[in-house]
Amino acid sequence: MQKHDQDYIRRKNRSTVFELIRKHSPLSRAEIARLTGMSPTTVSRIVSELFQQDFMHEIEQTTTGVGRKAVMLHVNPGSVLSVGVEIDRSGIRIGIVDLDGKVVHSTQVTRDSRETPEATLERIASAIEELILAEDIDRRKVVGIGVGLPGIVDYAGGSVVLSAQLGWKQTDIAGELRRLTGFEVAVDNELKVRALAEHQYGSARGSSRSVLIGFGSGVGSSLIIDGEIYRGETNSAGEIGHTVVDPGGLLCECGKVGCLQTYIAEASLVEQANKIKPIGSLEELFQARKDGEYWAASIVDRAMTFVAVTVSNIACVYNPDTVILTGKLVESFPEVRDFISDKCMDQFVWEPLRGTFQIVYSALESDGVVIGSGILAQNLFLDIDRQMEQAD
């Protein structure tokens, strides 16, 4: 029994040291000992074990004083990999993600919006296998697959409860992909994994409470508190697109009237425009506004106002230090960013909250969901002891 306890403590200490260096590198051995409460001897032994398996790198940090240079520890980013997958209505992005959150290899697959979930998952499995073979990736380094997609996700069960964008309902993604690939699989809402990526490697790095808001085919948000995704009771926290902003407003696809997304979502804006003039895209709508067409200006200006209202409401509800704006509406049209910069904070945000948070845009752009999905898989499935055994 005593040996079992000692083995458990040894494994636990090794995982603690590895995770600390992974998330907060560069660190010295002395800093690790101070942060963990372990003895310098224990820390040195663990670091030596990790070195032997190529999980660690050392660098010398220059000093301005007299004496030895500090030796700092970094995780070897290529020692552990994961697969990040983004599923959208018309396409699939797949990336191999390392421990530094970098997409080291990637591929894209087109998707027929009418195809079944089973067909999509089979094509994802085939594309992952082709990518692993083409890039000569050691499968033993791959800890698992993370999948991000729009909709309500049963995070614990790895299934999609409902994705209106994909037309999926009660789909067991984790189970099916696990059967097809042999890897462990985690599944989550696309905005939640994107927010995780921005917090760890992007524009919200260093934030203690950040909110990401996505303005695209729908409207949603995700809150990160001290590095953890806030999920709510059913992983539906942040579904602000279906908050009612006008009880006498437009009919939403969910069946309610006056939902926020009916004033901001891309499909809704195009639908409103088509009641007046044939319009096929947001680009055409914004061009009509530039051309001086009043009806187009009315639709776009109302949408920008509701973007600002959304930021204000999010600030009141969550009191974040950072608000990240993503999605085609805010990323592709400079006039929307100008409106937010010029008017949002002064005209729409409650006065006591002005200056308490920053508004930023995605630093990871199109790779955000892939990186976030990869991080999700690493966080859930990385077992440093199993990886060390496989490396032997």
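Let's start at one small pairing: Ser-159 has Asp-172 as its bridge partner in strand E9 (strands, E, of at least two residues and helices, H or I, of at least four are DSSP runs, numbered from the N terminus). This is a predicted model, where local features need pLDDT of at least 70, side-chain atom pairs count only at pLDDT 80 or more, and totals for chains, interfaces and linings use all residues. Residues are numbered from 1 along each chain as its sequence is written, and side-chain values use heavy atoms, leaving out hydrogens and water.

Strands E8 (residues 159-163) and E9 (residues 168-172) run antiparallel, joined by four bridges; strands pair if DSSP finds at least two bridges between them. Four residues separate the two strands of this hairpin, and Gly-167 in the turn has a positive phi of about 75°.

Now look for the largest nonpolar core, which has 42 residues. Such a core is a set of buried Ala, Val, Leu, Ile, Met, Phe, Trp, Tyr and Cys residues joined through side-chain atoms within 4.5 Å. Buried means under 20% relative accessible area, exposed over 50%, and partly exposed in between (1.4 Å probe, protein chains only). Among the residues with the most contacts inside this core are Ile-213 and Leu-285. The largest share of the core, 13 residues, comes from helix H9. A second, separate core of 30 residues includes Ile-94 and Val-160.

Finally, why do Cys-252 and Cys-254 form no disulfide with each other? Their sulfurs are 3.7 Å apart, too far for a bond, because a disulfide needs cysteine sulfur atoms within 2.5 Å. Cys-252 is buried at 5% relative accessibility, while Cys-254 is partly exposed at 40%.
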